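User: I'm new to this one, so could you walk me through it?
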Amino acid sequence: MTSHPRDEERRWWKEAVVYQIYPRSFKDSDGDGVGDIPGIIEKADYLADLGVDCIWLNPVYESPNADNGYDIADYRAIMDEFGTMDDWEQLRDELHKRDIKLIMDLVVNHTSDEHAWFLNSRASTDNEFREYYWWREGRDPEETDLDPEVYDTPDDVNEVPPNDWESFFGGPAWSYDEDSGEWYLHLFDRKQPDLNWENEAVRDEVFEMMEWWLQKGIDGFRMDVINLISKPEGLPDTDPENDIETIDRAVNGPNVHDYLGEMRERVLEPDFLSVGEMIGAPMPMETARQYVTPGPEGDGLSMIFHFEHVLVDRGDDALELTEWTLPDLKAIFDRWQDGLAEAGWNSLYFNNHDQPRQVSRYGNDSEYRRESAKLLATLLHTLRGTPYIYQGEELGMTNYPFESLDDFRDVATLNPIRSALEAGEIESFEAVKDRARAMSRDNARTPMQWDDSEYAGFTDPDSTPWIDVNPNKETINVEAERADQNSVWHYYRDLISLRKEHDVIVYGDYDPLTPGHESLWAYTRTLGDDSLLVVLNFSDDETQFESPEDLKGANAEILISNYEADVSDVADAVLRPWEARVYDLR
């Protein structure tokens, strides 16, 4: 290691590289077309060879799969499709043997409607479980602007929901229950009722469950949509005239910091990795710092996943794409690098199970797929924060060429399109095909490409994968990447090693050099006497980097580049299409 961190406490999760596994699509061991835990165990050596330090495992709990496992029916059981608790324990042991930590997905804003809590809650309006969820009486349509025809109620029921909130998956955020004559809240699918965190019994149940998993030897949690757990008093309607939509009402509620503070005191420890997913519009930095500042002054999360940079190309509607520019993207990263420089820690990602493939979205996935995949990796692995790799990212996997609505599996894609078709807002899938292809979460969920066989080595040849394999598996796959020393996979491996060798990459100050440049992203990282210069060309064209005066004439070693490069003078370098260079300025 070079140098030492400034007056900053070292944590393993600051120095780690985290690898996210979406088990349904990683490796199928039993030929049923669905990835599973034994399949992950088979690939434990692969993960160790890549050099990652921690696995984030997407949900493997018992679930009816309305939202691919994010609708949990039993937090202390493993879904049969994925294996058994014995399998899970073996996975934990195999990872820990290889010095790889394991964090689990914590989904506690909502449960499945098949969870025992909800089944009991639904059974009676007068039992302790009723207050585990948000049950409310409906309203007289005459007293609102809502159209009762929009809502799924029996013919003899003439009422509308308690408020006008919409589900993030499309349609109303309330469903009517005929047996009790009341409505329950679900910000996502109707099979994902929201838990009522105002109820102390709910918090007790959640914290006891978290402690149970920590006792089983996990190393932390990724917390799904955790900034939704506190709802506003009275559950008020939206206010479109003042641009207040459902998401504005639902995020960062009045008691969220109290609930997370209680979680910190009862369950979390500083050496656990706790990363909170925070959905919504750009978050005020003061709020972000509250989430990640150690207690008791703050909530004590290790870091958060914000969405600002992955909304840079999104409009207001579910399938609205907008143009993005590099200065816009840089401004977002610069804001977060600066905002959490003194208090808190950044997570670094472009890909996950909810986002399209990064090389198709931010790079060039045709002529310069390899170069742009390496450039994006260079960016994320040389900023201040903890990098997250989503499975297949290390291969430069791309979006899938979806041709029909039948190709999709994701409710967040299917529901809005089906609603638009039913309402006559679009005539056919063709009207939104290009946008769906570009934006669908299913792009990230196609099977991991292990080799060039029929199903890319994901499942048996006589099986059928739960979702189609990308046809480019013939050229983009683990086997080919590992055999090619110039591949994206080897470049990721080198970046991970470089991070372990240089404290400046982990803990150094970040100083942007080209905030307004349309295609160049250049910055320095500085820690004591150590200094790095990173220069990235986000363009299909050659671009000249005009270095600052204090760097001109400086001799520098190139630590890593995605092209053959032996230039030692950083002055006025000409970068090739999608070229990335990291200079050691010592």
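Analyst: What follows is a talk through the sheet, the aromatic rings, the core and some backbone details of a model that is predicted.

User: Let's begin with the sheet, then. What is the order of the strands in the open sheet of five strands?
Analyst: The order is 14-15-16-20-18, and the strands of this open sheet pair in the antiparallel sense. Neighbouring strands in the sheet are turned by 20 degrees against each other on average, with direction ignored.

User: Which strands stand at the edges?
Analyst: Those are strand 14 (509-512) and strand 18 (557-561), and because each has a single partner strand, one side of each is left without a neighbour in the sheet.

User: And over how many bridges do strand 16 and strand 20 pair?
Analyst: Strand 16, which covers residues 530-537, and strand 20, which covers residues 580-584, pair over five bridges in the antiparallel sense. As for residues that face each other, L533 stands opposite Y583 in strand 20.

User: Which strands does helix 10 touch?
Analyst: Helix 10 (residues 326-339) packs on the sheet and touches strand 14 and strand 15 (520-527), with its direction making about 15 degrees with that of strand 15. Helix 12 (residues 369-382) also packs on the sheet, where it touches strand 15, strand 16 and strand 20, and the direction of helix 12 makes about 150 degrees with that of strand 16.

User: Switching to rings: how many aromatic pairs does the structure hold?
Analyst: The structure holds 37 aromatic pairs. One of them is formed by W117 and Y132, which are edge-to-face, at 5.7 Å centre to centre and with 70 degrees between the planes. This pair links distant parts of the chain, since W117 is in helix 5 (residues 116-123) while Y132 is in the loop between helix 5 and strand 6 (135-136), 15 residues apart.

User: Are W117 and Y132 buried or exposed?
Analyst: W117 is buried, with a relative accessible area of 11%, and Y132 is buried as well, with a relative accessible area of 3%.

User: What about F305 and Y349, how are their rings placed?
Analyst: Their centres are 5.2 Å apart and their planes stand at 70 degrees, so the pair is edge-to-face. F305 lies in strand 11 and Y349 in the loop between strand 12 (347-348) and helix 11 (358-361), so this pair ties together parts that are 44 residues apart in sequence. F305 counts as buried at 4% relative accessibility, and Y349 counts as buried at 2%.

User: Which residues do ring pairs link into a cluster?
Analyst: The cluster consists of W324, F333, F350, Y362, Y510, W521, Y523, F538 and W578, which are linked by ring pairs.

User: Which charged end sits over the ring of W466?
Analyst: That is the charged end of R24, which sits 5.5 Å from the centre of the W466 ring. In another case, the charged end of K101 sits over the ring of W12, 5.0 Å from its centre.

User: Now the core. Which residues touch the most other members of the largest nonpolar core?
Analyst: Of the 161 residues in that core, Y19, L47, W88, W197, M210, W213 and W521 touch the most other members. For W213, leaving aside its neighbours within four places in sequence, the contacts are Y61, Y75, I78, M85, W88, M104, I218 and F221.

User: Back to the backbone: where is there a cis peptide bond?
Analyst: The bond from G295 to P296 is cis, with omega near 5 degrees, and P296 lies in the loop between helix 9 (285-292) and strand 11 (303-305).

User: Why mention that at all?
Analyst: Because most peptide bonds are trans, and most residues other than glycine have a negative phi.

User: So which residues have a positive phi without being glycine?
Analyst: Among them are D99, with phi near 60 degrees, and V225, with phi near 30 degrees. D99 lies in the loop between helix 4 (85-97) and strand 5 (101-106), whereas V225 lies in the loop between strand 9 (220-223) and helix 7 (246-250).

User: Buried or exposed, those two?
Analyst: D99 is exposed, with a relative accessible area of 65%, whereas V225 is buried, with a relative accessible area of 4%.

Conventions. Residues are numbered from 1 along each chain as its sequence is written. This is a predicted model: local features need pLDDT of at least 70, side-chain atom pairs count only at pLDDT 80 or more; totals for chains, interfaces and linings use all residues. Side-chain values use heavy atoms; hydrogens and water are left out. Helices (H or I, at least four residues) and strands (E, at least two) are DSSP runs, numbered from the N terminus. Buried means under 20% relative accessible area, exposed over 50%, partly exposed in between (1.4 Å probe, protein chains only). Rings of Phe, Tyr and Trp (its six-membered ring) pair if their centres lie within 6.5 Å; planes under 30 degrees apart count as stacked, over 60 as edge-to-face and the rest as tilted. A charge sits over a ring if NZ of Lys or CZ of Arg is within 6 Å of the ring centre and within 35 degrees of the ring normal. Two strands pair if DSSP finds at least two bridges between them. Axes are lines fitted to C-alpha atoms, for helices over the stretch in contact, and angles run from 0 to 180 degrees between N-to-C directions. Contact means heavy atoms within 4.5 Å. A nonpolar core is a set of buried Ala, Val, Leu, Ile, Met, Phe, Trp, Tyr and Cys residues joined through side-chain atoms within 4.5 Å.
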